[in-house]
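Please open the structure in your viewer and keep the sequence beside it, since this tour moves from one selection to the next.

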Amino acid sequence: MKKYDVVVIGAGPGGYVTAIRCAQLGLSTACVESWINDEGKPALGGTCLNVGCIPSKALLDSSHHFHHIKHQSNDHGITVTGVSMDVNKMVSRKAKIVKTLTQGISGLFKKNKIDWLRGQAKILSNKEVEISPTHETHDEKTVVEANHIIIATGSVPTRIPPASVDDKLIVDSTGALKFNEVPRRLGVIGAGVIGLELGSVWNRLGSEVTVLEALPDFLSLVDRQVAKEAEKSLRGQGLDIRLGAKVTGTGSNNREVTINYDDAEGKQQITVDKLIVAVGRSPNTAGLGADECGLELDQRGFIVVDDHCNTNLENVYAVGDVVRGPMLAHKASEEGVAIAERIAGKPGHMNYETIPWVIYTWPEIAWVGRTEEQLKADGVEYRVGSFPFMATGRAKAMGEASGFVKILGDAKTDRVLGIHIFGPNASELIAEAVVTMEFDGSTEDLARTIHAHPTLSEAMHEAALAVDNRTIHI
Ligand code: FAD
Ligand code: AMP
């Protein structure tokens, strides 16, 4: 029986990054992965690379270009006529990017001498993992021995009985990344991150998009001021967002889908050509053998872990979407790195207070730390500084001047408690906020930091100055 220092189960951003870090630290490492891609071939990269972060951003970028050329070129004095778009080419471009990146992981595995064990892993004990071949591979069932097992089996789209996915007219996020034509009328159940991003893609390409969200508040996780602006902006772009709309049933006749939902006014119905079910994601422990090996799961099916990602089984750890905390790729990776370092005798560290969130709508939404509402609920005294992109030269020059940066600082210590951005390239700008918080920085630190001119980051600088009522450009 082959023996490893570490066997990682799953090769998404949680698993593959963990495996690489383990190997870098001199631990003999194998990674078990069962993913079979659209070409019927085993693939690394998990949800993130195959059907998540990367393909969604590829389509968001393509659709953003299309929308920009159609609707904003004129503002720049550029006349573009006869603009058309080829959905299949757009989707193939996305597939090519996915292929390049997933093959890249396989190259990294080779470089780091990580054994990729193709198949479905089952934990037999805290020292043994059984690998069953997936139908495309012809290997035998094998068992490997491990000193440490790291579970990174991720998540799968949540299913709801009123809208069962048929992969034709009713799809989940995976299906919504490969439509072969732009649906005229598109329904989206769930106004969460995934629903809004995918709804934006198809809206920009011409679909009439209706988003049904059961909760009465828009983006309830997000700072209210940001959520309000984002809602207004997305509605302005044509997304018909219906809040307090709980989907109770769907019916399809092979051409279109009728959706029944309840809202404050009673029973409602709409008809669409395609429906995306984006009601969240559920932890994936299917086939892992949790019951048999005694691995503890919580009531919602997440693997129970402590603050250091230890499960109830000795030397068995779990990271990423399959455990508590935000379902974000970078959270999964950093949890894994911390475990790898601890296994190698180093002080592995994971700061849950400084995980950045991004929603890749346009403008983008990004934040780190607490919202104003959370600070109020926690009884923390704080000061606020905010600054609109409209008052920065760069945003004006770009023609992308909507949104703002908002900084929350502790009223007594001035320590930054949260930074919220709604605006162009917020996904990149948030990095400065994360670094500031990671270093326990103050709003004064940001205010004294020299920001290049003209840049969007000047809005961050001015928001920090605003905490102390000393903005220059307003
Ligand atoms: P996963 O990426 O789900 O990987 C788990 C892997 O484990 C899979 O490859 C699976 O095949 C494998 N596996 C499971 N069970 C077994 C088993 N028993 N044996 C062998 N292999 C197994 N996050 C962001 O941070 N930014 C984004 O922009 C973003 N966009 C997203 C867009 C969409 C449409 C979706 C669906 C998700 C998005 N996410 C985004 C979320 C992100 O994809 C997840 O948080 C991330 O993939 C979690 O990583 P993971 O390693 O925990 O799990
Ligand atoms: P997220 O978990 O961020 O991906 O968001 C999923 C969203 O789907 C949540 O805001 C849920 O409130 C919403 N949701 C779940 N079930 C339904 C339903 N039956 N009808 C409408 N919205 C739903």
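Begin by selecting E458, A459, M460, H461, E462, A463, A464, L465, A466 and V467 in α13, which are buried in this predicted model. Helix α13, spanning residues 458–467, is mostly covered, with 10 of its 10 residues buried. To see what covers these buried residues, add the surrounding elements, which include β20 (382–388), β21 (404–410), β22 (416–423), α11 (426–438) and α12 (443–448). Then step to N469, just after α13, where the residue takes a positive phi of about 50°.

Next, turn to an open sheet of five strands, whose order is β8-β15-β9-β10-β11 and whose pairing is parallel. At its edges stand β8 (170–171) and β11 (240–243), and because each has a single partner strand, one side of each is left without a neighbour in the sheet. Within the sheet, select β9 (residues 185–189) together with β15 (residues 274–277), two parallel strands that are joined by four bridges; among the residues to pick out there is I189, whose bridge partner in β15 is V277.

Finally, select ligand 2 and the 15 residues around it, of which G190, E213, A214, A245 and V247 come nearest. A polar side-chain atom of E213 lies 2.6 Å from an oxygen atom of the ligand, while a backbone N or O atom of A214 lies 3.0 Å from a nitrogen atom of ligand 2. Taken alone, ligand 2 exposes 510 Å², and the protein buries 73% of that. Colouring the shell by class shows 10 nonpolar, three polar and two charged residues, with β10 (208–213) and β12 (246–252) each supplying at least two residues of the shell.

Key: Residues numbered from 1 in each chain as written. Chains lettered and ligands numbered in written order. Predicted model: local features only at pLDDT ≥ 70, side-chain atom pairs only at ≥ 80, totals over all residues. Heavy atoms only, no water. Buried < 20%, exposed > 50% of the residue type's maximum accessible area, 1.4 Å probe, protein only. Contact = heavy atoms within 4.5 Å. Pairing = 2+ DSSP bridges. Near = heavy atom within 4 Å. Polar contact = N/O pair within 3.5 Å; in protein donor to acceptor, adjacent residues only side chain to side chain. Areas by Shrake-Rupley, 256 points an atom, 1.4 Å probe, with all protein chains shown as cover. Nonpolar A, V, L, I, M, F, W, Y, C, P; charged D, E, K, R; others polar.
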